[in-house]
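Let's take a walk through this structure, one stop at a time. Keep the viewer open as you read.

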Amino acid sequence: MSDFINSLTSGDIATELTMKSVLLILASSIIIGLVISAVYLFTHRKDGYSQAFCVSLILLSPIVALVILLIGNNVARAFSLAGAFALIRFRSAPGDPKDIAFVFMSVVMGLACGMGYYAYAAVATAVILAVIVVLHLTNYAGKKSDTYTLKITVPETLNYVGAFDETLDKYCTKSKLSVIKSVDFGALFELSFTVTMKDPAQVREFLDEIRAMNGNLKVMLSVEAPAVKSFHFQ
């Protein structure tokens, strides 16, 4: 028993290409890939996820593990596989930076399994995924859902300095003018505020009052995290 446990941390199992080593590498890497994919699903329930990406997280670990097992210490074989992979073009849509971390983790754990360090891979996976879950549950560095970016378009004839202060104080606990820029060749100005709503249910009334003050020009209120929620009136 002690010899088997020692083999899980020494890398000895993966030194020879045998049926036992292949099956053990496949089993351990697939299990680790499944766990990584399951945690990814848990942390992206609200944001949405791609089924293909989740399946890829499972498959990456055993594929990388087998590549490492096939290469072994053979330099010529390593260059041959590198040349074969160079012919393949991988394309993916830009996504959440956290997705890159999950992909990299799946690859690294597959690498560890391919080298025979199953116990180390399992422990590292458990620790890293535990950290990810804790960060997700505590919403680490996340912004409050009632914090918005407010963009107001005003005509050049309107003195916008302090023009919306009363309305902002009425509906918001915090408001800060962050950006002022001209649009339509200077005929209009766009003001960008960072605001914290007192009651998100009052969004409609808030925007109606803003529109009454800016001549019914475009007003946009959006959550600071992009592509989550927005209100657009024109």
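Start with Lys181, which is partly exposed because its relative accessible area is 42%. Keep in mind that you're looking at a predicted model. Lys181 pairs up with Glu190 in a salt bridge, and the closest N and O atoms of the two sit 3.6 Å apart. Glu190 has a relative accessibility of just 11%, so it counts as buried. With buried meaning under 20% and partly exposed running from there up to 50%, the two partners land in separate classes.

Why would such side chains get together at all? Opposite charges can pair when the charged atoms come close. How many salt bridges does the structure hold? There are four.

Another one of them joins Glu209 and Lys170, with an N to O distance of 2.8 Å. This pair ties together distant parts of the chain: Glu209 belongs to helix α8 (residues 203–213) and Lys170 to helix α7 (residues 165–171), with their positions 39 residues apart in the numbering. Glu209 is at 26% relative accessibility, so it's partly exposed. Lys170 comes in at 47%, and therefore it's partly exposed as well.

Stay in helix α8 for the next stop. Asp208 makes a salt bridge with Arg211, and here the closest N and O atoms are 3.6 Å apart. These two are three residues apart in the helix, which means about one helical turn separates them. Asp208 is partly exposed, because its relative accessible area is 33%. The story doesn't end with a pair, though: Arg204, Asp208 and Arg211 are linked in a network of salt bridges.

Now for some backbone geometry. Which residue in the loop between β2 (172–183) and β3 (188–197) should you click on? Go for Asp184, which is placed in that loop. Its phi is near 55°, a positive value in a residue other than glycine. Asp184 has a relative accessible area of 53%, so it's exposed, the cut-off being over 50%.

Asn139 is worth a click too, in the loop between α6 (118–137) and β1 (147–155). Asn139 isn't a glycine either, yet its phi is positive, at about 50°. Its relative accessible area is 47%, so Asn139 counts as partly exposed.

Last stop: is Ile25 buried or exposed? Its relative accessibility is 0%, so Ile25 is buried. You'll find Ile25 in helix α2 (residues 19–43). Met115 is 90 residues away along the chain, but the C-alpha atoms of Ile25 and Met115 are separated by 8.8 Å.

How values were computed:
Residues are numbered from 1 along each chain as its sequence is written. This is a predicted model: local features need pLDDT of at least 70, side-chain atom pairs count only at pLDDT 80 or more; totals for chains, interfaces and linings use all residues. Side-chain values use heavy atoms; hydrogens and water are left out. Helices (H or I, at least four residues) and strands (E, at least two) are DSSP runs, numbered from the N terminus. Buried means under 20% relative accessible area, exposed over 50%, partly exposed in between (1.4 Å probe, protein chains only). A salt bridge is a side-chain nitrogen of Lys or Arg within 4 Å of a carboxyl oxygen of Asp or Glu.
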